[in-house]
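Subject: Structure for your review

Dear colleague,

Please find below the structure that I am handing over to you. I would be grateful if you would read the notes after it with the structure open beside them.

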Amino acid sequence: MPSRALTCSLPLVLTLTTVAGAAGLTSGHLVAPPHQSVPRLNKLGPAPSARQQGPLWFPDTVLEPLAWSDLEGWRDDNHTEAFATFVVSCRAVVGRARANVDARPILAPLADTCRKALNGPPRHARAFFEENFRPLRITKLGDRAGFLTGYYEPMVEGSRFPTREFTVPIYRQPSDLLTASGDRSPQKFPNSGGATRRGSNGSLVPYYTRAEIEDGALDGQHLEICWIRDPVDLLFIQIQGSARVRLEDGTTVRINYDGYNGQPYTAVGRLLIERGEVPREQMSMERIRAWMNAHPDEAKALRDENRSYVFFRIIGLSGNEEARGAQGLPLTPGRSIAVDDALHVYGTPFFIQAALPLSQSGGNSAFHRLMIAQDTGSAIVGPARADIFFGAGDEAGKIAGRLRHPAEFTLLVPRSLDPVIAGSAMPLPPPRPRPIAQDPHRQRFEKKSPPRTRFFRPIQARWR
């Protein structure tokens with residue numbers, strides 16, 4: 001498809017392309033919480049005021065207007081299924097807009113669209129999306145495509161008490177776990193921004209690493225929710241952010257993310273690729289497990305290189321409900337995605353086009369599907385980055401574990417947020433100064449100048 005990306009010769013680009021910097025639980029970001037006002041400067045001037053109706057502003061991002069006919073597979077998707085997932089998010093979107101704690105331009109128009117959706121199912125779901133949204137291809141500046149991974153809810157066996165068989169504890173959040181500022185989080189503990197504890201002298205120090213915790217740093221604090229068999233299972237549960245644990249009495253405990261130790265996340269799969277242990281094209285969670293089982297002595301050291309450690313809480317979900325995402329709502333397998341919540345508002349629809357290995361028979365099949373942003377993760381960073389939720393259990397885990405694939409992301413923006421009108425208020429970049437013509441005598445002088453002078457004088461002359 002020929003590129004229609006906007007260039008600096010058009011005022012509209014100022015709504016769509018910026019070059020400021022941006023700051024990776026499913027697959028382990030240091031970003032300001034989305035409700036805070038952070039001044040962002042770039043070559044095109046300051047970020048838009050929160051009072052403006054737009055423009056859309058994402059760091060290091062290009063947005064490209066599309067027609068619905070440009071989206072391969074759009075007409076063939078199950079829009080009714082996607083609409084049902086969208087409606088699940090809508091009450092939360094409307095409530096967040098009413099609370100006025102998020103100044104991002106897309107939230108208020110998205111809430112208006114959600115109010116329409118909450119009035120009842122439309123006669124034609126595809127028509128609802130086409131009439132209320134406009135498609136914009138979204139990519140990170142300098143990248144031709146986005147990136148997809150998958151996640152799921154593991155199911156493992158466990159015990160309420162430690163035994164010879166069940167020796168690996170799953171911990172709840174410690175009472176001495178503080179945010180990077182030294183406070184307890186008033187809401188759910190964030191999955192970014194660091195964490196601290198009080199040292200013996202009362203000063204704030206970084207929280208314990210994975211190696212320190214697994215070596216007993218939290219012993220005696222009675223933080224154990226339950227015990228499971230395998231430290232590899234614990235690693236995968238922490239990567240996924242939730243799990244179902246079947247206990248010895250037949251009951252099932254459902255646990256969900258409730259904070260982390262503030263240490264950096266390192267993907268053990270990437271380490272295995274870099275060291276030549278597993279070929280990149282064969283990397284999956286199954287290969288990671290197989291390698292750790294085959295190398296038990298090295299496996300502990302490999303896990304320790306991922307310093308990040310996740311804590312959990314018990315959640316009261318019925319057996320028929322899926323895991324809850326960061327939006328606080330049950331996820332929908334194959335329709336819910338985790339995104340970078342510092343950039344994107346929960347409830348935002350994305351149309352994703354990719355070729356994914358969804359079947360065990362091998363080979364990729366077309367994945368053209370309308371997805372809803374309902375979750376996040378500390379490894380999910382960037383404007384065109386997502387984790388697809390595939391449900392619970394081993395089969396879902398096998399599919400999720402195979403995904404590390406490029407994809408095209410199309411952001412669906414409410415039509416009331418008009419990027420053309422919004423962009424007209426944005427300043428153009430300053431004109432490039434004209435270089436001053438060089439006279440022949442000066443050029444001859446430049447040839448005789450020492451190397452340092454020859455290097456700097458043309459630059460100095462250009463900006464006089």
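The notes that follow cover a helix pair, the aromatic rings and two backbone angles. Please keep in mind that this is a predicted model.

Helix packing

Helix H6, residues 231-240, packs with helix H8, residues 285-294, at an angle of about 150 degrees. The two axes are 11 Å apart. Because an angle over 145 degrees counts as roughly antiparallel, H6 is described as roughly antiparallel to H8. The crossing of these two helices is right-handed. On the H6 side, the residues in contact are Val232, Asp233, Leu235, Phe236 and Gln240, and on the H8 side they are Met285, Ile288, Arg289 and Met292. Sorted by class, this contact has six nonpolar residues, one polar residue and two charged residues.

Aromatic rings

How many aromatic pairs does the structure hold? There are 14 aromatic pairs. One of them joins phenylalanine 83 and phenylalanine 129, whose ring centres are 6.3 Å apart. The planes of these two rings stand at 70 degrees, so the pair is edge-to-face. Phenylalanine 83 belongs to helix H2 (residues 79-99) and phenylalanine 129 to helix H4 (residues 125-132), so the pair ties together parts that are 46 residues apart in sequence.

Phenylalanine 129 also forms an edge-to-face pair with phenylalanine 128, with 5.7 Å from centre to centre and 85 degrees between the planes. Are these rings buried or exposed? Both phenylalanine 128 and phenylalanine 129 are buried; for phenylalanine 129 the relative accessible area is 0%. Phenylalanine 83 is buried as well, with a relative accessible area of 6%. Ring pairs link Phe83, Phe86, Phe128, Phe129 and Phe133 into a cluster.

Backbone angles

Most residues other than glycine have a negative phi. Against that background, two residues deserve your attention.

Aspartate 60 has a positive phi, near 50 degrees. This aspartate is found in the loop between strand E2 (45-46) and strand E3 (61-65). Its relative accessible area is 19%. Because buried means under 20%, aspartate 60 counts as buried.

Histidine 222 likewise has a positive phi, near 55 degrees. The loop that holds histidine 222 runs between helix H5 (210-214) and strand E11 (224-228). In contrast to the buried aspartate 60, histidine 222 is exposed, with a relative accessible area of 67%.

Yours sincerely,

A colleague

Conventions:
Residues numbered from 1 in each chain as written. Predicted model: local features only at pLDDT ≥ 70, side-chain atom pairs only at ≥ 80, totals over all residues. Heavy atoms only, no water. Axes fitted to C-alpha atoms, helices over the stretch in contact; angles between N-to-C directions. Helix = DSSP H or I, 4+ residues; strand = E, 2+ residues; numbered from the N terminus. Parallel < 35°, antiparallel > 145°, perpendicular 65-115°, else oblique. Left-handed = near helix turned anticlockwise from the far one by under 90°. Contact = heavy atoms within 4.5 Å. Nonpolar A, V, L, I, M, F, W, Y, C, P; charged D, E, K, R; others polar. Phe/Tyr/Trp six-rings, centres within 6.5 Å; stacked < 30°, edge-to-face > 60°. Buried < 20%, exposed > 50% of the residue type's maximum accessible area, 1.4 Å probe, protein only.
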